[in-house]
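Student: I'd like to take a close look at one part of this protein, the enclosed spaces inside it and what surrounds them. Could you walk me through it?

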Amino acid sequence: MSKLTSSPAWQALKAHHAAIEPVQMRRMFQDDPARFGKFSLQLGELLLDYSKNRINGETIKLLVALAEQAGLPACIGRMFGGKKINFTERRAALHTALRNRSGHPVYVDGKDVMPEVRRILELMRRFSDAVRNGRHVGHTGKDICDIVNIGIGGSDLGPLMACEALKPYASPKLSAHFVSNVDGAHLAETLKKLDAETTLFIISSKTFTTQETLTNARSARAWLVEKLGDEQAVAKHFAAVSTNLDATAQFGIHPENVFGFWDWVGGRYSLWSAIGLPIALYVGMDRFEELLGGACAVDEHFRSAPLEKNIPVLLGLLGVWYGNFFGACSNAVFPYDQSLHRFPAYLQQLEMESNGKRVDRDGNTVDYDTGMVMWGEPGTNGQHAFYQLLHQGTRLIPADFLAPLHSHNPAGEHHAILLANCFAQSEALMLGKTAEEARAELAAQGLHGEALETLLPHKVFPGNRPTNTLLFDRLDPHTLGMLIALYEHKVFVQGVVWNINSFDQWGVELGKQLAGKILPELSDAAMASKHDASTGGLIDHFRKHV
């Protein structure tokens, strides 16, 4: 057994799980009418209801003890203090500094990083204001109407998700597009809709060497030069978020349109940096800073609230509870707000790239599960697709429901119907339907005898399926910042408990290395194949058919 699984806190939770596992949540609510008040928290306009979980007061005490055993409070201090907690890359993980609105300094290696953070924010403001106000125009003098972000991973998922979520705040004069996949169709289908004279490309790559991003960027550059007939047009139609000034200059991007960031900003935590430039262009820099402010509010809560009253801490510990003690393999997130339709995809990278680790911080193979498959779709679409598995499938899938109290697009009863479905689904997952209830329901419908008994098993819902519900007033930049930061810190909490590094991603590298070897073999039949029989066969098949 590992140090973690043999620890007193872990063993106490294991014993507690054996006692609470057979208990039905519907009985918990019947026995304690005050359960909602005991297991809900509010931060500003954000409400977390975690009462529909398979927990009681003792569960929370034991989970908090696990976090304390792992040294969570000290680890939080180390992260905010700029310590190099990403030890495999010898870097700090200081995305929180990017949204620090307190005015207090933040130090890395003895240097306050905040003056440089504020400088980049000011450069972003100048550029975004110039584009939005028509001071920065295209090569032929026309205003910019379309922004195309070219990136991948964190350089795509974050800005794309945020721009989709904040569409009600976007400039009516601008449209935002995102190209990430190296599949040529992604770029080609995007360019079909655009006018080169009014299009601005943003190339997001820290090193300016990412294969997929640079392949798309070069093709976009060729398209622009062909359409406008002048290499000089690149300077007016391309910006970059990168630290490689030589490469961006060689590409033709004006130095004033290159925005840097730092090695202590991980890709999946980078939308708060200049990687968020598409967001600032689309909704304006004031709104972008409101996004930062929402995240900062959660940062302060995370740093100061007691663990048992700390929303991201509780979300993280509940994930540990279900993943390690109930055997749950996945966690679903269901935003009942169409604007958040890309939020689950954003969380996939955040959670699965961060905590998909098989060794602990000491290099030992773990004997416990880390991370979960993160997935989801907006309500009510999912209800007509995969909720069947949640309600009557054999797997336990904890789920988070997110919903605004007010819609940006009120129309008749639409929003009331949406929220009714949201609340009903979490209730149904908790309550289920017993055989006695199903029997009475079928009898009331006029079914009797063998016909009733045959159908009865199919109408029973086991219930006892755990959910959290996050409610907020409306989806604005401040609220979106809060939601993102909540999940960031949830992931960090779990990484601390599991004693893993949540800030590296070495698993991304192997496929890239092998792709680099295979690429020349696809076009050169004379190259000897040094692959397994399957991969070699696929390469040969490709060569024969192109």
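Student: How many cavities of 30 Å³ or more does a search of the whole structure find?

Tutor: Happy to take you through this; please keep in mind that the model is predicted. The search turns up five cavities of 30 Å³ or more.

Let's begin with the largest cavity, which holds about 90 Å³ of space. Its lining consists of Asn53, Leu315, Leu318, Gly319, Tyr322, Asn331, Met372, Pro398, Asp400, Asn468 and Lys490. Helix α15, covering residues 311-325, makes the largest contribution to that lining, with four residues. By class, the lining of the largest cavity has five nonpolar, four polar and two charged residues.

The second largest cavity contains about 60 Å³. Around it you will find Gly319, Val320, Asn331, Glu351, Asn355, Gly371, Met372, Lys490, Gln494 and Trp498. Some of these names should sound familiar: Gly319, Asn331, Met372 and Lys490 line the largest cavity, and Gly319, Asn331, Met372 and Lys490 also line the second largest. Three helices, α15, α16 (343-355) and α21 (477-498), each provide at least two residues of the second lining. Of the elements that contribute, α21 gives the most, three residues. The second largest cavity has a lining of three nonpolar, five polar and two charged residues.

Asn331 leads us on to strand β10, which spans residues 330-335. All six of the six residues in β10 are buried. You can follow this on both faces: Ser330, Ala332 and Phe334 are buried on one side, while Asn331, Val333 and Pro335 are buried on the other.

Now for the partners of β10. Strand β11 (residues 373-375) runs parallel to β10, and three bridges connect the two. If you would like one pair to find on screen, Ser330 has Val373 as its bridge partner in β11. Together with helix α16, β10 and β11 make up a right-handed β-α-β unit. Helix α16 is also one of the helices that supply at least two residues to the lining of the second largest cavity.

Strand β10 pairs with strand β12 (residues 399-404) as well, again in the parallel sense, over four bridges. Here a good pair to look for is Pro335 with its bridge partner Leu402 in β12. As general background, strands of a sheet pair through backbone hydrogen bonds, either parallel or antiparallel.

For a view of the strands elsewhere, turn to the open sheet of five strands in the order β6-β5-β7-β8-β9, where the pairing is parallel. Its edge strands are β6 (175-179) and β9 (258-259), each pairing on one side only. Within this sheet, strands β7 (residues 199-204) and β8 (residues 238-241) run parallel and are joined by four bridges. Phe201 stands opposite Phe238 of β8.

Finally, a word on charged pairs. The structure holds 26 salt bridges. One of them links Arg125 and Glu289, whose closest N and O atoms are 3.6 Å apart. This pair connects distant parts of the chain, with Arg125 in helix α7 and Glu289 in helix α14 (residues 285-304), 164 residues apart. Glu289 is partly exposed, at 23% relative accessibility. Another salt bridge joins Arg287 to Glu290, with closest N and O atoms 3.2 Å apart. Both Arg287 and Glu290 belong to helix α14, three residues apart, or about one turn of the helix. Salt bridges with shared partners also tie Arg101, Arg125, Asp286 and Glu289 into one network.

How values were computed. Residues numbered from 1 in each chain as written. Predicted model: local features only at pLDDT ≥ 70, side-chain atom pairs only at ≥ 80, totals over all residues. Heavy atoms only, no water. 1 Å grid on protein atoms, 1.4 Å probe; cavity = no way out; pocket = protein on both sides within 12 Å on 5 of 7 lines; lining within 4 Å. Points joined across faces, edges and corners; volume = space filled by probe spheres on them. Nonpolar A, V, L, I, M, F, W, Y, C, P; charged D, E, K, R; others polar. Buried < 20%, exposed > 50% of the residue type's maximum accessible area, 1.4 Å probe, protein only. Pairing = 2+ DSSP bridges. Right-handed = clockwise from strand over helix to strand, strands pointing away. Salt bridge = Lys/Arg side-chain N within 4 Å of Asp/Glu carboxyl O.
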